[in-house]
Amino acid sequence: MGRPKKITPIVEKAPAKVPGGFDVLPEQQQFFACFTDKLAALAHTFGYYKVDTPLLEDSRLFRFWQETFKHKLIETGEDKSRIAFKPTNLFGLARAYLDHRYFEKERTVKWFSLSPVAYETSDGLILQHFEWGFQIFGETSPIADVQLINLLLKLFGETGLHTLSLEVNNIGCLECRPLFVDVLRNFFKDKKYDLCENCLEHLEINPLNILACDNLSCNAAAAEAPVFVDYLCEPCRRHFIAVLEGLDELGLVYNLNQKVVGFPWSRKTVFQIRFRNAENVELVLGQGGHADDLIVSLGGPPTQALGFWGNVETAAAALESAQVKFTHKTKVEVFLVPLGDLAAKKSLRLFTELWSQNIVTSEFIGPGSIKTQLKLAESSKVSIALIIGQKEARDGTVILRDVPSGMQELFTVERIVEEVKKRLGR
Ligand SMILES: [Zn+2]
Ligand SMILES: [Zn+2]
């Protein structure tokens, strides 16, 4: 036998995580899982079906998105066949809706999605999120807005977030928006010197964004700004009133908020759900609204679209800061304590047998004294520990310890599963 070969490191030090990315470690998984489990359960109750779309799509699909932000797509490929990492799920769903001709098959589809998205900010930071959302394509009445908001408030409420606020606005349609945008542009032209650099750019492109700016001076300039609700066309006005009446009907409290302006593809009702933590820090859990011109802009038939999108990281951060407590879904019933190599080998079969009888079994893996292992069993509130020492491994026996009382009894391997079942009342 020669000397073991020395491995030369490929890199001197493992590279750090790319800024803008995220790890979800076991201690955070409970918040992630709590949220995504509840999301899937409620989606099912409210009749939404899950749709997954690829991470990479034809870049042209995101043209709407590209016009929107100063952010950039993460792209690759030749000029005419460029593919991009999806920056948000909405467009992939719209493409799937068209590709699979759902507009011919169903009057309305209700979908939900849960998938990573990524894009690059103007200063070169690659942002990655785990995005979730609900999306409806087809006919949407104002009641659909109300039902979606109701579902979302239920979702957050049932996961344990209570200090929520619903911010609602209406930003009109292609008919009434240009008029309001003109009025707004004229209004802000007189206040040009109060606006930040970003807002000065928005003044020409989309002055609605000035309303959303958090800069103090821009905020002050926007205080007296005209209100969109006064400029809505009749159908938009009727739609908005019906949405607000529906919210009143369900007793859902909302704030009318001009600062919520949605995305450039947003039409009519736009809304945000926010969470305020104990330190009074506000987190926007997501944003929703209509994208009624999206399907047409992709070459499809006139189709209404209503959805809400947020990031799981933000929801999980809110749950963490709200100190929501979770009980583990599967409570461990039996704890295996093998001591030594032979015992470890024997416990492997026992472990499998217990699981095959639907007994939730956990095992301490790695070195550790029997004392440490039993402490672990105690802290995880397990009622039964099965100890296999070297002697027991040789004799084909197992020590059954009643963890709360500390009483121990010896059983043969053949009898042990039956005994455990008896004690668990199975
Ligand atoms: Zn309108
Ligand atoms: Zn500004």
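Arg423 is partly exposed, with a relative accessible area of 35%. In this predicted model, its side chain meets that of Glu419 in a salt bridge, at 2.9 Å from N to O. Both residues sit in helix 16 (residues 413-423), and because they are four residues apart they are separated by about one helical turn. Glu419, unlike its partner, counts as buried, at 6% relative accessibility; the cut-off for buried is under 20%. The pair belongs to a network of salt bridges that links Glu409, Arg415, Glu419, Lys422 and Arg423.

The count of salt bridges comes to 24. One of them joins the side chains of Glu158 and Lys38, at 3.3 Å from N to O. Glu158 lies in helix 5 (residues 142-159) and Lys38 in helix 1 (residues 26-45), so this contact ties together parts that are 120 residues apart in sequence. Glu158 is partly exposed, with a relative accessible area of 43%, and Lys38 is also partly exposed, at 27%.

Another salt bridge is formed by the side chains of Glu139 and Arg107, again with 3.3 Å from N to O. Here the partners are in loops: Glu139 between strand 6 (126-138) and helix 5, Arg107 between helix 4 (102-105) and strand 5 (108-120), so the parts tied together are 32 residues apart in sequence. Arg107 is exposed, with a relative accessible area of 64%, while Glu139 is partly exposed at 47%.

The chain also holds a metal site. The zinc ion (ligand 1) has as protein donors the SG atoms of Cys173, Cys176, Cys233 and Cys236, which lie 2.2 to 2.3 Å from the ion. The four donor atoms subtend angles of 101 to 113 degrees around the zinc ion, and the arrangement is therefore tetrahedral. For four tetrahedral donors the ideal angle is 109.5 degrees. In sequence, the donor residues follow the spacing C-x2-C-x56-C-x2-C. Distant parts of the chain are linked in this way: Cys173 is in the loop between strand 7 (164-170) and helix 6 (177-189), and Cys236 is in helix 10 (residues 234-249), 63 residues apart. Cys173 counts as buried at 17% relative accessibility, and Cys236 is buried at 2%.

On the surface, Leu55, Leu56 and Ile83 form a nonpolar patch with about 230 Å² of accessible area together. Leu56 is in strand 2 (residues 56-58) and counts as partly exposed, at 45% relative accessibility.

Taken whole, the chain has 16 helices and 16 strands. Its radius of gyration is 29 Å, well over the 22 Å that the globule rule gives for 426 residues, so the chain is more spread out than a compact globule. Buried residues make up 45% of the 426 residues.

How values were computed. Residues are numbered from 1 along each chain as its sequence is written. Chains are lettered from A and ligands numbered from 1 in the order in which they are written. This is a predicted model: local features need pLDDT of at least 70, side-chain atom pairs count only at pLDDT 80 or more; totals for chains, interfaces and linings use all residues. Side-chain values use heavy atoms; hydrogens and water are left out. Patches are made of residues with over 30% relative accessible area and no salt bridge: like charges are joined within 9 Å, nonpolar side chains (Val, Leu, Ile, Met, Phe, Trp, Tyr) within 5 Å. Accessible areas come from the Shrake-Rupley method with a 1.4 Å probe; for residues, only the protein chains shown count as cover. A salt bridge is a side-chain nitrogen of Lys or Arg within 4 Å of a carboxyl oxygen of Asp or Glu. Helices (H or I, at least four residues) and strands (E, at least two) are DSSP runs, numbered from the N terminus. Buried means under 20% relative accessible area, exposed over 50%, partly exposed in between (1.4 Å probe, protein chains only). Donors are N, O and S atoms within 2.8 Å of the metal (3.2 Å for Na, K and Ca); water is not among the atoms, so sites may look incomplete. Four donors count as tetrahedral if all angles lie between 85 and 135 degrees; four count as square planar and six as octahedral if opposite donors are over 155 degrees apart and all others between 65 and 115; anything else is irregular. The radius of gyration is taken over C-alpha atoms; the globule rule is 2.2 Å times the number of residues to the power 0.38.
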